[in-house]
Amino acid sequence: MKFENVIIMSDIDGTLVTDEKKILPRDMEAINRFREGGGIFTLATGRGYSMAKPVAERVGLDVPAVIFNGSAVYDFKADKFLWHSRLPDSTKEIAKELIKAFPDIAIEILCRDRVYVPSINRIERKHLALENVQPFMCKVDEIDEESWLKMLIAYPPEKIQNIIDYVNERPDYINAAHWVRSENHYFEMLPLGVNKGSGFQRLLELMGKENAFTVGVGDYNNDIELIEQASLGVAVGSAQQAAKDAADLVVCDNNSGAISEVIEYIEKM
């Protein structure tokens, strides 16, 4: 298959980058070859603006990307939002109730280009340090932003099911938003109807590429809609079983050149 009219949308963590958060030279060489052949490569990530930007710069992203797990489409080249959704006003009370119920919880409120942290733990400290992000530490009521794009909960993997169960037992929580586990230690609250698949469709509409051959690559539960909706859905070898079950193709793991393998597969189609 020729690369013209082909769009690859890749997850970042656990897919494009290694466990050490590096992009392998093999993958970068394949991405450049794909773009030189007329293909479009972009990202679909749960990261917000500040955490996605360094990766977008490393990749040399020249087209818009899906960030905040589908809550926004951002053009890093033009440095502007092309579209974004928002969480309901009830999110503020939900955040406060979760902090009260789980005093050792960490919560991130992601608002466009800012990260607010009203409650922190060791997992969140490590996460912020790894991504070199300077958050705004403040109470929930001190967050003076109209549009909350995403709420991320960080909690120990062995205990996070307690929070998931707590949320699932609250119809007002479930009816207010889309909840998804994005890593073994992350649980997220997104606007209703928002996921990476819906974000991908929004990006295609904005680019006028609804008829393109699409490739969605991911590794976790928050990638399932992206994988399912793509013309070719791909899971990496280290992916969760649910992501593999949704995929048309399973390639090697994220530490072994998964994106390169995807591009080589497309070349042979």
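Visitor: What makes strand 3 and strand 4 a pair?
Guide: Three bridges join strand 3 to strand 4 (residues 72-75), and the two run antiparallel. Two strands pair if DSSP finds at least two bridges between them, so three bridges meet the rule. One of the bridge partners is A72 in strand 4, set against I67.

Visitor: Where do these numbers come from?
Guide: This is a predicted model, where local features need pLDDT of at least 70 and side-chain atom pairs count only at pLDDT 80 or more, while totals for chains, interfaces and linings use all residues. Residues are numbered from 1 along each chain as its sequence is written, and side-chain values use heavy atoms, with hydrogens and water left out.

Visitor: And what makes a stretch a strand or a helix?
Guide: Both are DSSP runs, numbered from the N terminus: helices are H or I with at least four residues, strands are E with at least two.

Visitor: Which strands are the edges of the sheet with order 3-4-5?
Guide: Strand 3 (65-67) and strand 5 (80-84), since each pairs on one side only. The sheet is open, with antiparallel pairing, and neighbouring strands are turned by 35 degrees against each other on average, direction ignored. Those angles run from 0 to 180 degrees between N-to-C directions, with axes being lines fitted to C-alpha atoms, for helices over the stretch in contact.

Visitor: How do you know that strand 4 and strand 5 pair?
Guide: They share four bridges in the antiparallel sense. A72 stands opposite H84 in strand 5. Their hairpin has four residues between the strands, and there D79 takes a positive phi near 60 degrees.

Visitor: What is the strand order in the six-strand sheet?
Guide: It goes 8-7-6-9-11-10, an open sheet with mixed pairing. Strand 8 (136-137) and strand 10 (178-183) are the edges. Strand 10 and strand 11 (residues 186-190) pair antiparallel over five bridges, with E183 partnered by Y186 in strand 11. Helix 3 (residues 91-101) packs on the sheet and touches, among others, strand 6 (106-111) and strand 9 (150-154), making about 10 degrees with the direction of strand 9. Touching here is contact, meaning heavy atoms within 4.5 Å.

Visitor: Why is D19 called exposed?
Guide: Its relative accessible area is 53%. Exposed means over 50%, buried under 20%, and partly exposed in between (1.4 Å probe, protein chains only), so D19 lands in the exposed class. D19 sits in the loop between strand 1 and helix 1 (25-36) and touches N254 and N255, not counting residues up to four places away in sequence.

Visitor: How do you know that R26 and E264 form a salt bridge?
Guide: Their closest N and O atoms are 3.9 Å apart. A salt bridge is a side-chain nitrogen of Lys or Arg within 4 Å of a carboxyl oxygen of Asp or Glu, so 3.9 Å qualifies. R26 lies in helix 1 and E264 in helix 10 (residues 258-268), so the pair ties together parts that are 238 residues apart in sequence. R26, at 37% relative accessible area, is partly exposed, and so is E264 at 28%.

Visitor: What distance goes with the salt bridge of E93 and K96?
Guide: 3.0 Å, N to O. E93 and K96 are three residues apart in helix 3, which puts about one helical turn between them. E93 is partly exposed at 41%, and K96 is partly exposed at 28%.

Visitor: Are D223 and K196 buried or exposed?
Guide: Buried: D223 has a relative accessible area of 0%, and K196 also has 0%. Their side chains meet in a salt bridge (2.6 Å, N to O). D223 is in the loop between strand 12 and helix 8 (224-229), K196 in helix 7 (residues 196-207), 27 residues apart. Salt bridges with shared partners join D11, K196 and D223 into one network.

Visitor: How many salt bridges does the structure hold?
Guide: There are 13.

Visitor: What makes strand 12 mostly covered?
Guide: Five of the six residues in strand 12 (residues 213-218) are buried. Strand 12 is joined to strand 1 by five bridges, running parallel, and to strand 13 (residues 232-235) by four, also parallel. V217 stands opposite V234 in strand 13, and S10 stands opposite V217.
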